[in-house]
Amino acid sequence: MLILGIESSCDETAAAVVEDGVRIRSSVVASQVSTHAIYGGVVPELASRMHLEVIDPIVVQALAQAGVSLDDIDGIAATRGPGLIGALLVGFSYAKALAWARNLPLAGVNHLEAHICSLQLLDNPPRFPFISLVVSGGHTNIYHVKGPGAFTLMGQTRDDAAGEAFDKVAKMMGLSYPGGPAIEALAKKGDPEKIKFPRSMLGKDNFDFSFSGLKSAVARHLHENPDMSENRPAHVAAGFQMAVIDVLSTKLLAAARDRNCSSIGIAGGVSANRTFVNTLSERAGQHQIKVFYPPLSLCGDNAAMIAARGWEMIRDNQVCGLGDDVYSRVKF
Ligand code: KG4
Ligand code: ZN
């Protein structure tokens with residue numbers, strides 16, 4: 001079964017063709033990052049306009065790269081939420097029109113569930129049940145994944161998402177947007193033990209996160225230590241990054257213990273951070289827990305993960321009609 005996936009929830013327009021929910025035939029991503037970079041964050045109206053300009057050529061390109069035509073497609077999957085409403089509307093309306101015109105089933109995919117499904121595109125995917133962390137610019141959610149489509153939210157951030165903290169700290173330090181890759185690169189030259197930043201919520205008996213206190217602690221440190229010579233920025237980046245990694249890893253291992261899971265799968269933009277992957281893998285290995293993570297091409301927003309989740313939904317007859325709309329937030 002060939003599914004055409006479409007993603008437009010934030011600042012990437014993407015289309016992909018995926019076979020049977022697991023084999024990527026093509027995956028095309030058009031990033032708007034350079035446009036938004038000068039504003040230091042995503043400008044929603046600009047994002048919608050840019051999606052509108054490129055959605056059609058991106059879909060055409062994805063079909064061509066897969067070596068198929070629309071006649072070969074068995075179903076359409078498009079992100080329905082959460083995300084920016086104007087941006088979502090472009091991809092979802094496009095998908096609705098295509099599904100209607102071609103009389104194809106349409107899956108309205110939850111973007112966060114799709115990030116988890118990026119793990120099933122691995123050659124060796126995690127076996128159910130497993131613990132999953134979706135960690136991006138908008139979310140830091142821990143799930144217990146019991147089976148296909150069976151996601152139970154265990155905890156989430158109470159304020160900033162981890163990726164958002166990376167972006168905000170990078171901005172304070174005058175680094176480029178998006179901040180995650182810039183902080184990770186700078187941190188490689190620093191000592192993570194030199195400056196100890198706070199680890200929020202670790203003492204709490206739950207799986208929630210809070211990163212705004214850490215962000216404020218970095219701001220305070222920068223204000224009180226204006227002398228940024230002697231490699232200090234690298235130590236700040238390394239200390240901040242390790243504080244985030246420590247909290248994420250500790251909570252993930254606690255969640256795995258709590259639900260008796262021997263696999264952890266991380267997904268979303270921040271899972272591109274290889275210092276995080278290595279630290280988590282090392283700590284998990286001490287408890288005989290295996291860590292799964294997507295290749296860099298599937299960490300950020302993409303449409304292959306949307307098609308992977310959409311395939312499951314279409315298989316289970318969870319399809320949308322023309323009257324269904326997009327949503328900006330998920331109600332848990
Ligand atoms: O999943 P994603 O592409 O878009 C959202 O749905 O938010 O995630 C983007 C986020 C940004 O906050 C970015 O700074 C962060 O992922 N990110 C990273 C790294 N690469 C991207 N954070 C830490 N380290 C990285 N290497
Ligand atoms: Zn995302």
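Biologist: How many nonpolar, polar and charged residues make up the shell around ligand 1?
Modeller: This is a predicted model, and the shell is read from it as it stands. Glycine counts among the polar residues here. By class, the shell around ligand 1 has six nonpolar, 10 polar and four charged residues.

Biologist: Which of the 20 residues around ligand 1 come nearest, and which elements give two or more residues to the shell?
Modeller: The nearest of the 20 residues are Gly-137, Gly-163, Gly-180, Gly-269 and Asn-273. The elements that give two or more residues to that shell are helix 5 and helix 6.

Biologist: Which domains supply at least three residues each to the shell around ligand 1?
Modeller: The chain is divided into two parts by the assignment, 2-116 + 300-315 and 125-293. The shell around ligand 1 draws at least three residues from each of them, that is, from domain 1 and domain 2.

Biologist: How far apart are the centres of domain 1 and domain 2, and how many residues does each give to the contact?
Modeller: Taken over C-alpha atoms, the centres of domain 1 and domain 2 are separated by 27 Å. The contact takes 10 residues from domain 1, and from domain 2 it takes 18 residues.

Biologist: Which element gives the most to the side of domain 1 that touches domain 2?
Modeller: On the side of domain 1 that touches domain 2, at least two residues each come from helix 1 (33-37) and helix 4. With four residues, the element that gives the most to that side is helix 4.

Biologist: Is helix 6 enclosed or open to the outside?
Modeller: The buried residues of helix 6 include Gly-179, Gly-180 and Leu-186. They pack against helix 5 (162-172), helix 8 (232-258) and helix 9 (274-285). Seven of the nine residues of helix 6 (residues 179-187) are buried, so by the rest of the structure the helix is largely enclosed.

Biologist: Which residues does the UniProt annotation "binding site" cover, and are they scattered or gathered?
Modeller: According to the unreviewed UniProt entry, the "binding site" annotation covers His-111, His-115 and Asp-301. They span 191 residues in sequence, but no two of their C-alpha atoms are more than 8.8 Å apart, so at one spot they gather.

Biologist: Is His-111 buried or exposed?
Modeller: His-111 lies in helix 4 (residues 111-117). Beyond four places in sequence, His-111 touches Ser-9, Thr-79, Gly-81, Pro-82 and Gly-83. The cut-off for burial is 20 or more other C-beta atoms within 10 Å. His-111 has 25 within that distance, so it is buried.

Biologist: Where does Asp-301 lie, and is this residue buried or exposed?
Modeller: Asp-301 sits in the loop between helix 10 (296-299) and helix 11 (304-315). Its contacts, neighbours within four places in sequence left aside, are Glu-7, Ser-9, Cys-10, Glu-12 and Ala-14. With 27 other C-beta atoms within 10 Å, Asp-301 counts as buried.

Biologist: Which peptide bonds are cis?
Modeller: Pro-82, in the loop between strand 4 (75-81) and helix 3 (85-102), follows a cis bond with omega near -10°. Pro-129, in the loop between helix 4 and strand 6 (130-135), follows another, with omega about -5°. The cis bonds are therefore Gly-81 to Pro-82 and Phe-128 to Pro-129.

Biologist: Which residues other than glycine have a positive phi, and are they buried or exposed?
Modeller: Phi is about 55° at Asn-103, in the loop between helix 3 and strand 5 (106-110), and near 60° at Gln-288, in the loop between helix 9 and strand 10 (290-292). Inside 10 Å, Asn-103 has 6 C-beta neighbours and Gln-288 has 7. Asn-103 thus counts as exposed, and Gln-288 also counts as exposed.

Biologist: How many helices and strands does the chain have, and is it as compact as a globular protein of that length?
Modeller: The secondary structure comes to 11 helices and 10 strands. The radius of gyration is 20 Å, close to the 20 Å that the globule rule gives for 332 residues, so the chain is as compact as a globular protein of that length.

Biologist: What share of the residues in the chain is buried?
Modeller: The C-alpha trace spans about 60 × 45 × 35 Å along its principal axes. Of the 332 residues in the chain, the buried ones make up 52%.

Note on methods: Residues are numbered from 1 along each chain as its sequence is written. Chains are lettered from A and ligands numbered from 1 in the order in which they are written. This is a predicted model: local features need pLDDT of at least 70, side-chain atom pairs count only at pLDDT 80 or more; totals for chains, interfaces and linings use all residues. The radius of gyration is taken over C-alpha atoms; the globule rule is 2.2 Å times the number of residues to the power 0.38. A residue is buried if 20 or more other C-beta atoms lie within 10 Å of its own, exposed if 12 or fewer, and partly exposed in between; C-beta atoms are placed from the backbone. UniProt positions are given in the numbering used here, feature names are shortened, and annotations may be inferred rather than shown by experiment. Two residues are in contact if their C-beta atoms, placed from the backbone, lie within 7 Å. A residue is near a molecule or strand if its C-beta atom, placed from the backbone, lies within 6 Å of it. Domain bounds come from an automatic or database domain assignment.
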